Amino acid sequence: MKREIFKLGLILTFAILFLGFVSYAPTIAVIQLVKNKAYHKPPKIEEWKPAQKGLGLESGALIK
């Protein structure tokens, strides 16, 4: 019984810690089609990343 309570407490501790690092930025658009080369830059990040079909975009994201 103590072992089960310990496991449950450990799981809850990790869940609470993980929720503190989750970004809650809502997706406002989804990329439907990519032709040739396309890149996106999420807000507050300085590097451009390749865009892919189905990628969710947040408010403030740039596309080229």
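1. Start with N36, which is exposed at a relative accessible area of 79%. You'll find N36 in the loop between β1 (27–30) and β2. Its backbone is worth a look too: phi of N36 is positive, about 55 degrees, even though N36 is not a glycine. Keep in mind as you read on that this is a predicted model.

2. Now hop to the next loop. K44 lies between β2 and β3 (49–50), and K44 also has a positive phi, near 70 degrees, without being a glycine. Is K44 buried or exposed? K44 is exposed, because its relative accessible area is 84% and the cut-off for exposed is over 50%.

3. On to a residue that is tucked away. H40 belongs to strand β2, which covers residues 39–41. H40 has 8% relative accessibility, so it counts as buried; the limit for that label is under 20%. Which residues does H40 touch, once its neighbours within four places in sequence are set aside? The contacts of H40 are E47, W48, K49, P50, A51, L55, L57, L62 and I63. Try picking them out in the viewer, starting from H40. Two of the names on that list, K49 and P50, are the residues of β3 (49–50).

4. Next, the helix. Helix α1 takes in residues 2–19, 18 residues in total. From its first C-alpha to its last, α1 reaches 26 Å, close to the 26 Å expected at 1.5 Å a residue. How many of the residues of α1 are buried? The number is zero, so α1 lies largely in the open. As a reminder for looking at helices, an α-helix has 3.6 residues a turn, so residues three or four places apart point the same way.

5. Two residues of the helix make handy examples. L10 sits in α1 and counts as partly exposed, because its relative accessibility is 39%. A15 is in α1 as well, and A15 is also partly exposed, at 34%. Both values sit between the cut-offs of 20% and 50%, so neither residue gets the buried label.

6. Distances help you place those two. From L10 to Y39 is 41 Å, C-alpha to C-alpha, with their positions 29 residues apart in sequence. Y39 falls in β2 (residues 39–41). A15 and A25 are 10 residues apart in sequence, and their C-alpha atoms are 19 Å apart in space.

7. Zoom out to the whole chain. There are one helix and five strands, and from the N terminus on the order is α-β-β-β-β-β. The C-alpha atoms fill a box of roughly 60 × 20 × 20 Å along the principal axes. The radius of gyration is 19 Å, whereas a compact globule of 64 residues would come out near 11 Å.

8. What share of the 64 residues is buried? Buried residues make up 11% of the chain, and H40 is one of them. The accessible surface of the chain is about 5,900 Å², and carbon and sulfur atoms account for 64% of that.

9. Two last numbers for your notes. Of the contacts between residues at least 6 apart in sequence, 35% join residues at least 24 apart. As for charge, the chain carries 10 positive and 4 negative side chains, and the centres of the two sets lie 6 Å apart.

Note on methods: Residues numbered from 1 in each chain as written. Predicted model: local features only at pLDDT ≥ 70, side-chain atom pairs only at ≥ 80, totals over all residues. Heavy atoms only, no water. Helix = DSSP H or I, 4+ residues; strand = E, 2+ residues; numbered from the N terminus. Buried < 20%, exposed > 50% of the residue type's maximum accessible area, 1.4 Å probe, protein only. Contact = heavy atoms within 4.5 Å. Expected span 1.5 Å × (residues − 1). Rg over C-alpha atoms; globule rule 2.2 N^0.38 Å. Areas by Shrake-Rupley, 256 points an atom, 1.4 Å probe, with all protein chains shown as cover. Lys, Arg positive; Asp, Glu negative; His and termini not counted. Charge placed at Lys NZ, Arg CZ, Asp CG, Glu CD.
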